[in-house]
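Hi everyone, and thanks for coming. Today I'd like to walk you through a structure that may be new to you, so let's bring it up and look at it together.

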Amino acid sequence: MANSGARQGPKLVNRSAAGGGGAAGAGGGGPPAMPLASPLMGKKKKPFLGMPAPLGYVPGLGRGATGFTTRSDIGPARDANDPVDDRHAPPGKRTVGDQMKKNEDEEEDLNDTNYDEFNGYAGSLFSSGPYEKDDEEADAIYAALDKRMDERRKERRELREKEEIEKYRMERPKIQQQFSDLKRKLSEVSEEEWLSIPEVGDARNKRQRNPRYEKLTPVPDSFFSKHLQTGEKNTTVDPLQGLGGLSTPYPGSMTPGTGELDMRKIGQARNTLMDMRLSQVSDSVSGQTVVDPKGYLTDLNSMIPTHGGDISDIKKARLLLKSVRETNPHHPPAWIASARLEEVTGKLQVARNLIMKGTEMCPKSEDVWLEAARLQPGDTAKAVVAQAVRHLPQSVRIYIRAAELETDIRAKKRVLRKALENVSKSVRLWKTAVELEEPEDARIMLSRAVECCPTSVELWLALARLETYENARRVLNKARENIPTDRHIWITAAKLEEANLNVQMVDKIIDRAITSLRANGVEINREQWIQDAEECDKAGSVATCQAVIRAVIGIGIEEEDRKHTWMEDSDSCVSHGALECARAIYAHSLQVFPSKKSVWLRAAYFEKNNGTRESLEALLQRAVAHCPKAEVLWLMGAKSKWLAEDVPAARSILALAFQANPNSEEIWLAAVKLESENNEYERARRLLAKARSSAPTARVFMKSVKLEWVLKNIDAAHELCTEALKHYEDFPKLWMMRGQIEEQGENMDKAREAYNQGLKKCPHSSGLWLLLSRLEERVGQLTRARAILEKARLKNPQIPELWLESVRLEFRAGLKNISNTLMAKALQECPNSGILWAEAVFLEARPQRKTKSVDALKKCEHDPHVLLAVAKLFWSERKISKAREWFLRTVKIEPDLGDAWALFYKFELQHGAEEQQEEVRKRCENAEPRHGELWCAESKHVLNWQKKTGEILAGVAGKIKNTF
């Protein structure tokens, strides 16, 4: 372009000159006046000149001047067959044509295999074009749209992906999952078994197993000396070094310096080489040294610091601390840190010198003086403290340290009294000094202390404790005047009145405390006051505790939340051991909610568990007066009297209960049980006859039949059962009792008929199906028993008891494979059944039981049957402590499961002490369990109808055999 401009330049000049000449000629031959310069000079300068071009501006584009390209821009023309500049180009890229074809392919691949119906061609069809700002904006908009659409489908997509992954994992489990059960078994391998595992054999051949290492023998110095003197030379090197027998650098001549050998230099060189090798070994990258060079060269045990730190780190720390001290010598922490560093490294004297230098540089620093006193020995420390007192006469910590350094009590007192002369406002000094005094001297000192520190509650309360009753009241009154915002003074005053039997003043003091504190702007924090009440309870101040509870229990609680909050507060107090606080909360709650049956019940259970029999009976008397329709309160009162062997009082309570609840089934049955337990059978029969006439319920008829059955009046029991079934034919327990009575009399056909009739009326009663199946099994009809259970499972799906009986039926018949198959089906249908998982654990062989128990705990973590199975598993493995722990966990989760108590008791009989056995028996009697397969079989047997809980426990435990 420069050449073309140069070529056009003269033409333009000539044309201008010609034009200029014409104009001059026309003007009459005047002098030339630069016709082109004058118009340009007169024009105004454009405003956009000197400004940057706008975005996207192309010069000349508006007038059609789109630019042109010359050969110098694109380089010389080349043929397609010309070789490329790269001499080592791979085949297919060695000519210019190949390169151009490759570039075209890279620019755009429109092959059909690269096309997708939805997305089009892979990549961008316009990737070769320029990427401008509007393209960037469009891409951002599309990206935002894609993100929005992706968020809308995100949940469904993630859920679908999760399901697909789970399905894939189930179909193709990892090797780790396949061997998980084997991994769990490794925990059972003992150390002896592990050590007895044989080593893996070495499959290598003899030469590989026993390589012949190169043996090197050090050459003595005499060898070199001898051969140097004889003038021999060595013209080859060892071919093992890999040099192939090349000749020595000095062929045909001796090594320079022959004839002389300096043995001293050889020894120095050897030592230098050894030092280098030791340094290399000690500075290994992994940080683990093979050789200890310091221990090898010299014994440095005395220089190794006791704290085990790295010496280089200590040097760095020492250097840094030195820099800090020199930069800022009046900075106390630098001196303290330097002294402690030297102390840690074992240089105690250096540490002492440093800290004493620190006391000179920082004489007003309390911490530096205390550190100096700590590092110095006894007498020197006293001198340091004395010097510190002169510099800091108001420092409490230094006086305390001075008193600690004294060994004699009198000297300690003298130091503290001197300190109090200088710092009379320090509560800490007064407390330390008072602790050393006798009670009378302490009282005198405290009277002075409260004058110097009138705002210290602790000093006032300590003085009040040492004074007499009258003086203590005056002291507390003065304390209230000086500190009107502290609640502890008021509570101490209430305790004082209670301790001096002035109980009527306690409530007044607590009420005045609340009023006074509110008047002084103190917020009454309910939780803090309840904590104070708990402390009073533990200290034995019951009246103060109850007064505090009554005063603050309702503060800051909404009216509808009172009952719930108060019950939570009472439970919290019981858990903290503050029983009087809980009793006070219940008393207040009962005053506010006198007709709430649930509150009375909670209070009654609290008294039953934590109170005396008299307090329980007094509470129940008040309860039935306010809630006469609450049958359970009447029954609790009657039972309490019966347990105290006061049968007439129990009868009178039940008589009053009859008046309040004339047709109550529970009260009728409780009266019958009371009479039958006390061998008043005729009276029990009359009560049941009245109950059948006034409150004829199915349970009343059932208890009537049971009474006649246990008294061996079988005919009367038959008649009552027949009459009951006329009225309540859909009550399955009556059919069960009828069949069991016939079965007891060996009338198997009648028993089968009773069960079948019952199943027609009650097809969903699993108990009837189980009794019929066991009857058929007992008479040897195994096939019929199996068919009955299959029919029962069809009519009552997902009933674990039916599946369990089917599994046990096959197991008792010796068909273990079928029982395992049935158990697998049962767990598929009832995957969360604890009784099935517990049975499945012991169906497995011993090595697989632990794995099965882990699976059971994953499915039923808090099921008592599974926990009981785990306890039995540990028991079978003789892991006594673990078994006891799991038994305790089981009875805590479900105290109503009698089988757990029986197994626990059997376990303690075998492995526990007498105290542990007695504890289990007492806890079982308090829990009064009612359920459990083994427990019910024993407790509901007609021969055991009068046995107490402890007797049933012993009976069930006696029948348990350790077959697991």
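Let me start with one cysteine: C581 is buried, at 0% relative accessibility. Please keep in mind throughout that what you see is a predicted model. Now, how far is the sulfur of C581 from the closest cysteine sulfur? That closest sulfur belongs to C545, and the distance is 3.2 Å, which is too far for a bond. As a reminder, a disulfide is a covalent bond between the sulfur atoms of two cysteines. The cut-off used here is 2.5 Å between the sulfur atoms, so a pair at 3.2 Å does not count. How many disulfides does the structure hold, then? The count is zero. Another cysteine you can look up is C627, which is buried too, at 7% relative accessibility.

Let's step back for the overall picture. The protein has 964 residues, and buried residues make up 32% of them. There are 52 helices and two strands. If you take the contacts with a separation of 6 or more, 49% of them are between residues 24 or more positions apart. As for the outside, the accessible surface comes to about 62500 Å², and carbon and sulfur atoms account for 53% of that.

Next, the inside. In soluble globular proteins, nonpolar side chains tend to be buried together. In our model, the largest nonpolar core has 123 residues. Which of its residues have the most contacts inside it? They are L429, W430, W529, I549, V552 and L633. Let's zoom in on I549. Leaving out residues up to four places away in sequence, I549 touches I530, A533, C581, A584 and I585. So C581, our opening cysteine, is one of the residues touching I549, and C581 itself is buried. Apart from the largest core lies another one, of 33 residues, and M737, W769, L789 and L809 are among them.

Now for some charged pairs. The count comes to 46 salt bridges, and I'll show you a few. In one of them, R812 pairs with E777, and the closest N and O atoms are 2.9 Å apart. Why is this pair worth a look? R812 sits in helix 43, residues 800-812, while E777 sits in helix 41, residues 766-778, so the salt bridge ties together parts that are 35 residues apart in sequence. R812 is partly exposed, with a relative accessible area of 45%, and E777 is partly exposed as well, at 23%.

R812 has another partner: E805 forms a salt bridge with R812, with 3.0 Å between the closest N and O atoms. Is E805 buried or exposed? E805 is buried, with a relative accessible area of 4%. Elsewhere, K852 and E844 meet through their side chains in a salt bridge of 3.9 Å, N to O, and E844 counts as partly exposed at 28% relative accessibility. There is also a network: salt bridges that share partners join R340, E343, E371 and R374.

Let's move on to a serine. Where is S365 found? S365 is in the loop between helix 16 (348-361) and helix 17 (366-375). This serine is buried, with a relative accessible area of 11%. A polar atom of the S365 side chain lies 3.4 Å from the backbone nitrogen of V368. Setting aside neighbours within four places in sequence, S365 is in contact with P332 and L392.

Finally, a word on backbone angles. Most residues other than glycine have a negative phi, and most peptide bonds are trans. Here are two residues with a positive phi to look at. Q798 is not a glycine, and its phi is near 60 degrees. Q798 lies in the loop between helix 42 (782-795) and helix 43, and it is exposed, with a relative accessible area of 54%. R878 is not a glycine either, and has a positive phi of about 65 degrees. You'll find R878 in the loop between helix 47 (864-876) and helix 48 (880-893), where R878 is exposed at 56% relative accessible area.

That's the tour, so thank you for listening!

Methods:
Residues are numbered from 1 along each chain as its sequence is written. This is a predicted model: local features need pLDDT of at least 70, side-chain atom pairs count only at pLDDT 80 or more; totals for chains, interfaces and linings use all residues. Side-chain values use heavy atoms; hydrogens and water are left out. A nonpolar core is a set of buried Ala, Val, Leu, Ile, Met, Phe, Trp, Tyr and Cys residues joined through side-chain atoms within 4.5 Å. Buried means under 20% relative accessible area, exposed over 50%, partly exposed in between (1.4 Å probe, protein chains only). Contact means heavy atoms within 4.5 Å. A salt bridge is a side-chain nitrogen of Lys or Arg within 4 Å of a carboxyl oxygen of Asp or Glu. Helices (H or I, at least four residues) and strands (E, at least two) are DSSP runs, numbered from the N terminus. A polar contact is a pair of N or O atoms within 3.5 Å; within protein, one must be able to donate a hydrogen and the other to accept it, and residues adjacent in sequence count only if both atoms are side-chain atoms. Accessible areas come from the Shrake-Rupley method with a 1.4 Å probe; for residues, only the protein chains shown count as cover.
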